[in-house]
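Dear colleague,

Please find the structure below, together with the sequence. My notes on it follow.

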Amino acid sequence: MAPPDIPAAKRAGLPVDLERLSREGDAWLTPEDRYALKTHGVCTQAQGGVFMIRIRIPGGVVLTDQVRVIARAARHHGANWVHLTTRQNAELHWVDSAHVAGVLASLERGGLSTRSSCGHTLRNVMCSEDAGVGLDEPFDCLPDARAVSDAIVARSARLNCVLPSRVNLAFGGSPRCREDALVNDGAFVSVLDASTGEPGYEVWAGGSLGKSPRLAVRLGEFVPRRHVLAAAEALIELFVQHGDLEHPGKGRMKFVVDRLGEDVFRDAWTKTFARCRRDAAYVPAPVDVVGDTARHAILAAVPDGGWSRGVRPQRIAGLASLTVDVPMGDLHAADVELLADLADRHADGALTLSRDQSVVLRNVAVDDVAAVRVRLAERNLALVDESPVATVRACTGSAVCALGITDAPATGTELLLSPALARHNSIRVHVSGCPNSCAQHQLGDIGLAGTKVRVPGRGSMTDGFHVYLGADPAGREVGQVVGRVAGDDVPLAVDAVVGAWEAMRHGNEPVGRTVRRVGIDAFAAHLDAVLADRWATGPEPEQPDDDAAVSAAN
């Protein structure tokens with residue numbers, strides 16, 4: 001199918017006809033019609049006649065009644081499968097064209113929305129999973145994240161016709177959130193004013209991954225909470241004014257920063273923000289600010305098995321946040337219903353979808369941790385660091401995605417049983433089925449991006465992966481392409497990387513830092529020696545140098 005003329009679709013107003021889709025199927029849809037559907041969260045799959053529906057979960061928090069609506073939709077119309085994304089959304093796949101309108105209606109009745117969850121829109125506004133309860137978060141930024149999402153999505157009918165590309169926003173103040181701020185179009189890092197203790201945000205902009213990764217720049221050191229909506233609106237207005245609407249491959253905000261220069265972009269945002277403060281009225285809900293917490297009392301209330309990455313203490317002694325490991329973000333409807341039951345019985349009546357494709361249960365009494373483990377085991381689920389399989393993040397790849405090049409889930413499934421990764425289940429392997437970085441392969445300890453590759457022993461092009469190493473978000477470094485390998489040789493390449501890291505690391509040094517210290521070229525040489533003619537160093541020469549080839553996914 002020919003790629004859509006996205007600017008033309010926007011100029012036409014992005015019309016959709018769900019009734020005709022239900023009545024006649026999808027054969028009549030033009031590429032531009034299919035793009036317009038994406039702005040409503042309805043995306044073409046690799047297979048004809050069926051669609052993926054992406055459900056927007058602002059801030060990642062979804063009530064259990066809404067969770068059960070998603071589970072029912074998955075059971076009856078989505079092949080019994082719910083996929084969790086790295087942007088805290090949920091996806092249904094294999095939805096027949098005749099049922100798309102009905103599924104959207106049922107989601108809306110449940111208080112859920114798919115609007116602006118795909119295409120050139122304000123994508124999900126992410127939020128720290130620990131906001132309001134974690135010891136590293138200065139205050140609860142979820143109300144502000146939701147307010148920004150609601151205000152901007154409310155005008156999506158017009159805005160989606162003029163946005164040059166998608167916009168990803170993130171909120172949070174933990175060290176992890178500071179790393180995420182570097183790779184989002186806009187980010188609001190929770191901070192307290194040094195002199196007054198007032199809660200507010202650092203503002204960052206211009207970060208992105210994909211084919212042309214770029215780290216964000218800081219625009220403002222402190223914006224009070226009452227002005228956060230104006231700060232976000234100023235970013236959107238500046239993007240619409242200066243972004244390249246006619247060339248989607250160069251439409252992201254990072255290209256605006258590059259074209260204007262950091263100083264000019266910052267000055268333009270500052271002036272726009274000053275004007276938006278007069279127009280964007282926002283009265284933030286009161287939030288508690290973290291003071292000197294009684295950490296001795298918090299850590300004295302010990303859960304069964306002790307504290308860990310999967311069982312973290314909250315600000316209030318006796319309460320814990322539990323992270324349920326969801327390998328590659330894939331759940332059956334019954335798994336989803338179990339998690340909703342656990343949230344009602346042991347947590348706060350909501351699930352928090354994580355940026356790692358897992359699920360967080362918050363406000364769990366430490367005395368209930370053992371009971372949660374028992375119930376999870378009934379569905380072969382476990383808490384993070386207690387699972388027998390590796391930590392693998394993956395998109396849906398060519399198995400269902402119309403833009404996928406390789407079968408990311410199949411590769412991820414193989415890696416779940418890797419002996420090397422089993423020795424170190426904290427190593428993060430991110431598998432994207434194409435260069436779009438839906439699994440954020442440039443941020444993984446080991447990143448894999450699906451592509452067509454040539455390796456000496458294959459003779460011709462084959463399905464494979466670019467291997468990325470050297471990611472160190474805390475050190476402002478994203479992974480770089482080390483080389484390329486055929487899909488069925490990925491486990492051998494991953495085992496070789498882990499072995500070299502074990503031999504060369506200093507203390508508890510993470511993989512990316514070891515790679516940077518030892519040298520990316522040295523790791524490439526090691527992989528060349530181990531895999532011989534099944535490996536080729538460097539990127540595939542015929543890969544395009546810009547984002548144009550993948551812009552339709554945006």
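**Helix α3 and its surroundings**

The buried residues of helix α3 pack against α1 (6–11), α2 (18–24), β1 (42–44) and β2 (50–55). Please note that this is a predicted model. Helix α3 itself covers residues 31–38 and is mostly covered, with 6 of its 8 residues buried. These are Asp33, Arg34, Tyr35, Ala36, Leu37 and Lys38.

**Overall form**

The protein contains 19 helices and 22 strands. Its radius of gyration is 23 Å, which agrees with the value near 24 Å expected of a compact globule with 554 residues. Along the principal axes, the C-alpha trace spans about 65 × 60 × 50 Å.

Of the 554 residues, 58% are buried. Among the contacts with a separation of 6 or more, 68% are made by residues 24 or more positions apart. The exposed surface of the protein amounts to about 21000 Å², and carbon and sulfur atoms supply 52% of that area. As to charge, there are 58 positive and 69 negative side chains. The centres of these two sets lie 3 Å apart.

**Helix α14**

Helix α14 is formed by residues 369–377, and its buried residues are Val369, Val372, Arg373 and Leu376. Viewed down the axis of α14, the buried residues fall within an arc of 100°, so they line one face of the helix. The general background is that an α-helix has 3.6 residues a turn, so residues three or four places apart point the same way.

What covers this buried face? The cover of the buried residues of α14 includes the strands β11 (311–313), β12 (319–325), β15 (359–365) and β16 (382–383). Helix α13 (333–346) is also included in that cover.

**Two residues with positive phi**

Gln440 has a phi near 55°, a positive value in a residue other than glycine. Gln440 belongs to the loop between β18 (428–432) and β19 (446–453). Because its relative accessibility is 7%, under the 20% limit, Gln440 counts as buried.

For Ala532, phi is likewise near 55°, again positive in a residue other than glycine. The loop that holds Ala532 runs between α19 (520–531) and β22 (535–537). Is Ala532 buried or exposed? Its relative accessibility is 43%, so Ala532 counts as partly exposed.

**Two further loop positions**

Ser174 is located in the loop between β7 (167–172) and α8 (175–181). With a relative accessibility of 11%, Ser174 counts as buried. Leaving aside residues up to four places away in sequence, Ser174 touches Asp136 and Glu137.

Arg505 is located in the loop between α17 (490–504) and α18 (511–518). At 30% relative accessibility, Arg505 counts as partly exposed. Leaving aside residues up to four places away in sequence, Arg505 touches His424, Thr514 and Arg517. Arg505 and Ser128 are 377 residues apart along the chain, and their C-alpha atoms are separated by 30 Å.

Yours sincerely

Methods: Residues are numbered from 1 along each chain as its sequence is written. This is a predicted model: local features need pLDDT of at least 70, side-chain atom pairs count only at pLDDT 80 or more; totals for chains, interfaces and linings use all residues. Side-chain values use heavy atoms; hydrogens and water are left out. Buried means under 20% relative accessible area, exposed over 50%, partly exposed in between (1.4 Å probe, protein chains only). Helices (H or I, at least four residues) and strands (E, at least two) are DSSP runs, numbered from the N terminus. The arc is that of the directions from the helix axis to the C-beta atoms. Contact means heavy atoms within 4.5 Å. The radius of gyration is taken over C-alpha atoms; the globule rule is 2.2 Å times the number of residues to the power 0.38. Accessible areas come from the Shrake-Rupley method with a 1.4 Å probe; for residues, only the protein chains shown count as cover. Lys and Arg count as positive and Asp and Glu as negative; His and the chain ends are not counted. The place of a charge is taken as NZ of Lys, CZ of Arg, CG of Asp or CD of Glu.
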